[in-house]
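This report describes a structure with attention to its domains, the contact between its chains, the sheet and core, and a few unusual backbone angles. The sequence and coordinates come first, and the description follows.

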Amino acid sequence: MNLDDIDRTLLRLLVADASQSASALGRKLNLSQPATWRRVKRLQEGGVLVGRRLLLNAEKLGFGVTVFLGIKLATKGRVSLEDFERAVGAIPEVQVVTHVLGLYDYRLRVVARDLADFERVLRRRIMTLPGVGTVEANVMLSEERRPGPL
Amino acid sequence: MQTDPSLTVPELADLAGVSAGQASRRLDRMIADGVITGQTAVVDWAALGFPLQVSLRVTLDKTVPGAFDAFLAAARDVAEVLEIQTFLGRVDVRLSLVARDLAHYQLLYRDRILALPHIADIEALMDVAAIKSDESLPL
């Protein structure tokens, strides 16, 4: 999809705050409300804007620990990847599952209340998944999201 | 709200079985307390011409004072970087970056990533498919 500079600015504004109305966005872009709305609609229909995500402070909600796990399957081929993916996707503490190419087969982002809670999730939920081999855990200390090449 | 942030207050109140006034007061309190920090638009980078997403796991040379800060500051200047996380574990920093194709990735890797300061070791993993990506909390 081809974007002009106004589209890029519009995307940046929406990434920063997706709850803004078309008229508020239009004021920042020097566009009318309908013109802004048409651009948002075009970005949605072009598959560039795929939705919104609520930003929550995990720590204030009692989730003090975020861990990234690298998982290598032990029995590739025998156990279907679908079985693993279905099972891992159903674990509530698992926020993100990505199939990757390289040192590991899957990257997981897991939240837990504290390290003891994480150990429970790891032992009872992750290590018991079908086909799991080696697991590497890295506890997240800080995170920032960047706007990307817009 | 995690499932659908575009729901209106009356819709949320209806789903939660409370009055619109109560729902609105609770939302205001969660925003004031910093529990809800905002809403972001989810962008499909593939649709924007960046179908490649690569995760770089970086180990830094910790004998250099200020290695973390210098590395993070320089990584912020690479436009294609979407996420920067620091860790306690085998990996010090993870960068998630997007690229237009393999040739573009190679260029980024050689000219921008390897030029970042104080890298002791670096491993690349390429994203093949996002199986789950809603990032919701188990509330």
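## Domains, interface and barrel

In this predicted model, the domain assignment divides chain B into domain 1, residues 1-42, and domain 2, residues 45-126. For chain A, the assignment gives domain 1 as residues 5-45 and domain 2 as residues 65-139. The table sets out the bounds together with the separation of the C-alpha centres within each chain.

| Chain | Domain 1 | Domain 2 | Distance between C-alpha centres |
|---|---|---|---|
| Chain A | residues 5-45 | residues 65-139 | 38 Å |
| Chain B | residues 1-42 | residues 45-126 | 36 Å |

The two chains meet in an interface in which 53 residues of chain B are in contact with 54 residues of chain A. On the chain B side, β1 (36-43), β3 (81-88), β4 (93-99) and β5 (119-132) each supply at least two of the residues that touch chain A, and the largest share, ten residues, comes from β5(B). By residue class, the side of chain B that touches chain A divides into 29 nonpolar, 13 polar and eleven charged residues.

Strand pairing also links the two chains, since β1 of chain A, residues 49-56, and β1(B) pair in the antiparallel sense over seven bridges. Within the β1(B) strand, B:A41 is the residue that stands opposite A:R52.

Which strands close into the barrel, and in what order? Eight strands do so with antiparallel pairing, in the order β2(A)-β4(A)-β3(A)-β5(B)-β2(B)-β4(B)-β3(B)-β5(A). Neighbouring strands of this sheet are turned against each other by 35 degrees on average, with direction ignored. In chain A, strand β2 (residues 65-73) and strand β5 (residues 132-145) run antiparallel and are joined by six bridges, and A:V67 stands opposite A:V139 in β5(A).

Two helices of chain B pack on the sheet. Helix α3, residues 67-76, touches β2 (52-60), β3 and β4 of chain B, and its direction makes about 165 degrees with that of β3(B). Helix α4, residues 102-113, touches β2 and β4 of chain B, and its direction makes about 140 degrees with that of β4(B).

The largest nonpolar core has 55 residues, and those with the most contacts inside it are A:L69, A:L108, A:V110, B:V43, B:L95, B:L97 and B:A99. Leaving aside residues up to four places away in sequence, A:L69 touches A:L108, A:V110, A:I126, A:V135, A:E136 and A:A137; two of these contacts, A:L108 and A:V110, are themselves listed with A:L69 as residues with the most contacts inside the core.

Finally, the backbone angles deserve a remark. Most residues other than glycine have a negative phi. Against that background, A:N30 has a phi near 60 degrees, a positive value in a residue other than glycine. The residue A:N30 is found in the loop between α2 (22-29) and α3 (33-45) of chain A.

Is A:N30 buried or exposed? Because A:N30 has 9 C-beta neighbours inside 10 Å, it counts as exposed, the cut-off for that class being 12 or fewer.

In chain B, the phi of B:E135 is likewise positive and near 60 degrees, again in a residue other than glycine, and B:E135 has its place in the segment after β5 of chain B. With 16 C-beta neighbours inside 10 Å, B:E135 counts as partly exposed.

Notes:
Residues numbered from 1 in each chain as written. Chains lettered and ligands numbered in written order. Predicted model: local features only at pLDDT ≥ 70, side-chain atom pairs only at ≥ 80, totals over all residues. Domains from an automatic or database assignment. Contact = placed C-beta atoms within 7 Å. Helix = DSSP H or I, 4+ residues; strand = E, 2+ residues; numbered from the N terminus. Nonpolar A, V, L, I, M, F, W, Y, C, P; charged D, E, K, R; others polar. Pairing = 2+ DSSP bridges. Axes fitted to C-alpha atoms, helices over the stretch in contact; angles between N-to-C directions. Core = buried A, V, L, I, M, F, W, Y, C linked by C-beta atoms within 7 Å. Buried ≥ 20, exposed ≤ 12 C-beta atoms within 10 Å, placed from the backbone.
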